[in-house]
Amino acid sequence: KQQHSSSKVTRKMKLSIAPTLLLLLSLLSTVLALYPPLCLDRKGRWKIGKRTRNWCRWAKRRGEDKIALYCKGKKLYKDCPLTCDACKTECVAPWMKDDSTCANE
């Protein structure tokens, strides 16, 4: 009888958790639909050619009028989408998409 009783409790718990999970999933999908993916520049330093530096910061320091030129010349769109004004879904998570889908390249 104890085993039968415990299975009833388990079934009741599952039934009471199901509506909560549905509500949470619904809320999550709504939030994801309302807010675009994060658009963040790469952190730290990395090598391009023979130089290692934080290329996003480097491009910003060149001045607003030259950022586009440096982003194109150094191909920074995927690593620095915020700096290079390339905050599109395809460029924000390049590891999830084919490289050819990233804008500006």
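The exercises below work through the fold, core, pocket and two loop residues of a predicted protein model.

Residues are numbered from 1 along each chain as its sequence is written. Local features need pLDDT of at least 70, side-chain atom pairs count only at pLDDT 80 or more, totals for chains, interfaces and linings use all residues, and side-chain values use heavy atoms, with hydrogens and water left out.

**Exercise 1.** State which pattern the helices and strands of the protein chain follow along the sequence.

*Solution.* Start with the elements: the protein chain has 4 helices and 2 strands. Helices (H or I, at least four residues) and strands (E, at least two) are DSSP runs, numbered from the N terminus. Then read along the sequence, which gives α-β-β-α-α-α.

**Exercise 2.** Find the residues of the largest nonpolar core and the helix that gives the most to this core.

*Solution.* A nonpolar core is a set of buried Ala, Val, Leu, Ile, Met, Phe, Trp, Tyr and Cys residues joined through side-chain atoms within 4.5 Å. Buried means under 20% relative accessible area, exposed over 50%, partly exposed in between (1.4 Å probe, protein chains only). The largest such core has 12 residues: Trp 46, Trp 55, Cys 56, Trp 58, Ala 59, Ile 67, Cys 71, Leu 76, Tyr 77, Cys 80, Cys 84 and Ala 86. Helix H2 (55-61) and helix H3 (67-74) each supply at least two residues. H2 gives the most, with 4 residues.

Next, take Trp 55 from this core. Contact means heavy atoms within 4.5 Å. With neighbours within four places in sequence left aside, Trp 55 is in contact with Trp 46, Lys 47, Ile 48, Lys 74, Leu 76 and Cys 80.

**Exercise 3.** Sort the lining of the largest pocket into nonpolar, polar and charged residues.

*Solution.* The lining consists of Leu 40, Asp 41, Arg 42, Lys 43, Asn 54, Cys 56, Arg 57, Lys 60 and Leu 82. Count Ala, Val, Leu, Ile, Met, Phe, Trp, Tyr, Cys and Pro as nonpolar, Asp, Glu, Lys and Arg as charged, and the others, Gly among them, as polar. The division is 3 nonpolar, 1 polar and 5 charged.

**Exercise 4.** Decide whether Thr 83 and Glu 64 are buried or exposed.

*Solution.* Thr 83 is in the loop between H3 and helix H4 (89-92), and counts as buried because its relative accessibility is 10%. Beyond neighbours within four places in sequence, Thr 83 is in contact with Asp 41, Cys 56, Ala 59, Lys 60 and Ile 67. Glu 64 is in the loop between H2 and H3, and counts as exposed because its relative accessibility is 70%. Finally, place the pair: Glu 64 and Thr 83 are 19 residues apart in sequence and 9.5 Å apart in space, C-alpha to C-alpha.

Definitions and conventions
On a 1 Å grid over the protein atoms alone, a cavity is a set of points where a 1.4 Å probe fits but cannot get out, and a pocket is an open set with protein on both sides within 12 Å along at least five of seven lines; lining residues have an atom within 4 Å of a point.
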